[in-house]
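Please open the structure in your viewer and keep the sequence panel visible beside it. The stops below are meant to be followed in order, with one selection at a time.

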Amino acid sequence: MFNIVLVEPQIPQNTGTIGRLCVNLGATLHLIKPLGFDIDDKAVKRAGLDYWKYLDLVVWESFDEFLKAHPIDTHSYMATTKTDNLYFNAPFQKGDYILFGSETKGIDEKVLLEHPQQCITIPMGGKGRSLNLGVSVGVVIYDALRQNYEGFEKITIENTLEGK
């Protein structure tokens, strides 16, 4: 469906939560080293629950290695607080790469400046400066799903609201 890319994530619980989101959306999770934790960290797996074994996971040795394989283009978006381009105006398509920077540094500003049209942001009130990484990924990826919902293979849980 989509490719979620975490550039040098630092907090294992965020990555576990995002991994769980990816499994539920049929998305691939790309992790770019260096990571701020061991990928086998129990905090990652605890946040990802029993979903982690179903995760389509790709680990990259560096951001440069990732960019060589997947250059930033019209099917790439980079989440940042350094733009006015709102994420809900982005025309997401199946297969897009949506990049999120580390919790402490974000995405390298040089890369952002080279591709300002591919930068997106989540609007926030004047008292905050950023959102939790897991929340940010959830906000953006579910809008991408909304735009591409046709053909989405959703889970099937018996509808108990309608009764029998």
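The tour begins with the whole chain and then moves to individual strands, rings and residues.

**The whole chain**

Display the entire chain as a cartoon, and bear in mind that this is a predicted model. Five helices and six strands make up the secondary structure of the protein chain. Read from the N terminus, the elements follow the order β-α-β-α-β-α-β-β-α-β-α. The protein chain has 164 residues, and 44% of them are buried. If a surface is switched on, the accessible surface of the protein chain amounts to about 9,500 Å², with 51% of it belonging to carbon and sulfur atoms. Among the contacts in the protein chain with a separation of 6 or more, 79% join residues 24 or more positions apart.

**The sheet**

Now select the strands alone. In what order do the six strands of the open sheet lie? The order is β3-β2-β1-β5-β4-β6, and the pairing is parallel. At the edges are β3 and β6 (119–120), each of which pairs on one side only. As background, strands of a sheet pair through backbone hydrogen bonds, either parallel or antiparallel.

**Strand β1**

Select residues 3–7, which form strand β1. Five of the five residues of β1 are buried, so this strand is largely enclosed by the rest of the structure. Next, show the side chains. N3, V5 and V7 point one way from β1, whereas I4 and L6 point the other way. Why should the directions alternate in this manner? In a regular strand the side chains alternate between the two faces of the sheet.

Two neighbours of β1 can now be added to the view. Strand β5 (residues 97–100) runs parallel to β1 and is joined to it by four bridges; in this pairing, V5 stands opposite L99. Strand β2 also pairs with β1 in the parallel sense, over five bridges. Here N3 stands opposite T28, and the bridge partner of L6 is L31. To see how the chain passes from β1 to β2, add helix α1 (residues 12–25), through which the chain crosses. This β-α-β crossover is right-handed.

**Strand β2 and its other neighbour**

Select residues 28–32, strand β2. Are the five residues of β2 buried or exposed? Five of its five residues are buried, and the strand is mostly covered. T28, H30 and I32 point one way from β2, while L29 and L31 point the other way. Then add strand β3 (residues 56–60), which pairs with β2 in the parallel sense over five bridges. In this pairing, I32 has W60 of β3 as its bridge partner.

**The aromatic rings**

Keep W60 selected and add F63, F66 and Y97: these four residues form one aromatic cluster. The structure holds six aromatic pairs. For a closer view of ring geometry, select Y87 and F88, whose ring centres are 5.2 Å apart and whose planes stand at 75°, so the pair is edge-to-face. The angle decides this, because planes over 60 degrees apart count as edge-to-face. The two residues can also be compared by accessibility. Y87 has 13% relative accessibility and therefore counts as buried, whereas F88, with a relative accessible area of 39%, is partly exposed.

**The loop residue L86**

Select L86, which lies in the loop between β4 (76–79) and β5. Its relative accessible area is 25%, so L86 is partly exposed. Which residues does L86 contact, leaving aside its neighbours within four places in sequence? The contacts of L86 are with T121 and P123. A distance label between the C-alpha atoms of L86 and I122 should read 6.0 Å, although these residues are 36 residues apart along the chain.

**Two cysteines**

Finally, select C22 and C119. C22 counts as buried because its relative accessibility is 2%. C119, with a relative accessible area of 4%, is buried as well. How many disulfides are counted in the structure? The count is zero. For reference, a disulfide is a covalent bond between the sulfur atoms of two cysteines.

Technical notes:
Residues numbered from 1 in each chain as written. Predicted model: local features only at pLDDT ≥ 70, side-chain atom pairs only at ≥ 80, totals over all residues. Heavy atoms only, no water. Buried < 20%, exposed > 50% of the residue type's maximum accessible area, 1.4 Å probe, protein only. Pairing = 2+ DSSP bridges. Right-handed = clockwise from strand over helix to strand, strands pointing away. Phe/Tyr/Trp six-rings, centres within 6.5 Å; stacked < 30°, edge-to-face > 60°. Contact = heavy atoms within 4.5 Å. Areas by Shrake-Rupley, 256 points an atom, 1.4 Å probe, with all protein chains shown as cover. Disulfide = S-S within 2.5 Å.
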